[in-house]
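Student: Could we go through this model together, with each answer reasoned out from the coordinates?

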Amino acid sequence: MSDNKAHRDHFNFSEYLLIVLALVALTLAVNNLSSGFASPLVWGGLLVTVISLVIFFKLAKQEGKAHNISVLKNTSFNLGLLIYTFLQFIQISLTFVIPNLAQLGLKTSALTSGMLLLLDSLLSAFFGPVTGRLLDSQGFKKLFLIGSFLAMAGILLYIIFAQKLSIALIVIFHVMFMTGFSMMYNNSMTIGLQQLEVMHIAGSPYQGQSKQVVMGSQAAFIVLFIFILLIFACVLRLIKRDKQGLVKN
């Protein structure tokens with residue numbers, strides 16, 4: 001006769017605090033990267049992150065818990081995860097760069113810059129279900145290729161026209177990027193999970209504030225474009241693996 005009694009695991013509060021400490025320290029370090037690695041908040045935050053994670057895994061090992069990382073050996077899953085992570089990084093960065101560029105660089109009102117973020121949310125809400133259905137009916141290959149091209153074009157146009165941007169151009173380029181973003185963001189995690197068995201930074205200080213913001217934004221767009229290129233490389237690799245029959249979809 002089988003024992004159907006529910007088994008309740010003990011919640012390890014110390015391990016939970018270590019994970020929270022690691023994430024908070026990492027966030028502080030990343031937020032202060034503009035101060036350089038010599039900043040105590042940067043190197044100190046990274047150090048605390050590493051130490052906290054090391055202690056966490058040691059405690060888990062002592063308790064006999066198996067933290068299975070074999071999933072990271074699945075290349076198709078890793079590619080989907082990278083696309084998802086890079087897109088999230090770019091999206092978060094744009095929600096900071098674009099409103100500041102509009103308000104400080106183009107001297108628009110706070111309302112106008114805020115409306116740009118509202119546009120971002122509306123586009124995500126609209127395209128999410130549509131692109132999900134396209135994934136079901138068309139597969140990921142065309143969706144990801146078109147999406148990565150649109151995202152690349154949007155960021156590249158930001159770089160090219162950074163010195164001549166207007167609100168109208170920002171809206172056009174952002175719609176272009178968000179369309180490509182929506183084609184890949186949620187769908188990249190869907191594809192990734194299907195592989196498992198279970199479920200101011202630039203410019204001279206002597207320039208005016210507006211000029212510094214514009215140049216800083218352009219530099220940020222260049223960094224984001226590099227991530228878009230990495231996403232495109234992951235898309236191409238994922239398609240290649242699909243042709244070899246190594247991707248479940």
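The exchange below moves from the whole chain to a surface patch and then to a pair of helices.

Student: What secondary structure does the protein chain contain, and in which order do its elements run?
Tutor: This is a predicted model, and the secondary structure of its protein chain comprises seven helices and zero strands. Read from the N terminus, the order of the elements is therefore written with the helix symbol throughout, as α-α-α-α-α-α-α.

Student: What percentage of the residues in the protein chain is buried?
Tutor: A residue counts as buried when its relative accessible area is under 20%. The protein chain has 249 residues, and the buried share of them is 37%.

Student: How much area does the protein chain expose, and what part do carbon and sulfur atoms supply?
Tutor: The exposed area of the protein chain is about 14900 Å². Of that area, the part supplied by carbon and sulfur atoms is 68%.

Student: Is tyrosine 16 buried, partly exposed or exposed?
Tutor: Tyrosine 16 lies in helix H1, which spans residues 13–31, and belongs to a nonpolar surface patch with Phe13, Leu17, Val20, Val24 and Leu28, together offering about 530 Å² of accessible area. Because its relative accessibility is 44%, tyrosine 16 counts as partly exposed.

Student: How are helices H4 and H6 oriented where their axes cross?
Tutor: The axes of H4 (residues 110–138) and H6 (residues 167–194) come within 8 Å and cross at roughly 40°, which means that H4 is oblique to H6. As for handedness, the crossing in which H4 passes H6 is right-handed.

Terms used. Residues are numbered from 1 along each chain as its sequence is written. This is a predicted model: local features need pLDDT of at least 70, side-chain atom pairs count only at pLDDT 80 or more; totals for chains, interfaces and linings use all residues. Side-chain values use heavy atoms; hydrogens and water are left out. Helices (H or I, at least four residues) and strands (E, at least two) are DSSP runs, numbered from the N terminus. Buried means under 20% relative accessible area, exposed over 50%, partly exposed in between (1.4 Å probe, protein chains only). Accessible areas come from the Shrake-Rupley method with a 1.4 Å probe; for residues, only the protein chains shown count as cover. Patches are made of residues with over 30% relative accessible area and no salt bridge: like charges are joined within 9 Å, nonpolar side chains (Val, Leu, Ile, Met, Phe, Trp, Tyr) within 5 Å. A salt bridge is a side-chain nitrogen of Lys or Arg within 4 Å of a carboxyl oxygen of Asp or Glu. Axes are lines fitted to C-alpha atoms, for helices over the stretch in contact, and angles run from 0 to 180 degrees between N-to-C directions. Angles under 35 degrees count as roughly parallel, over 145 as roughly antiparallel, 65 to 115 as roughly perpendicular and the rest as oblique. A crossing is left-handed if the near helix is turned anticlockwise from the far one by less than a right angle, and right-handed if clockwise.
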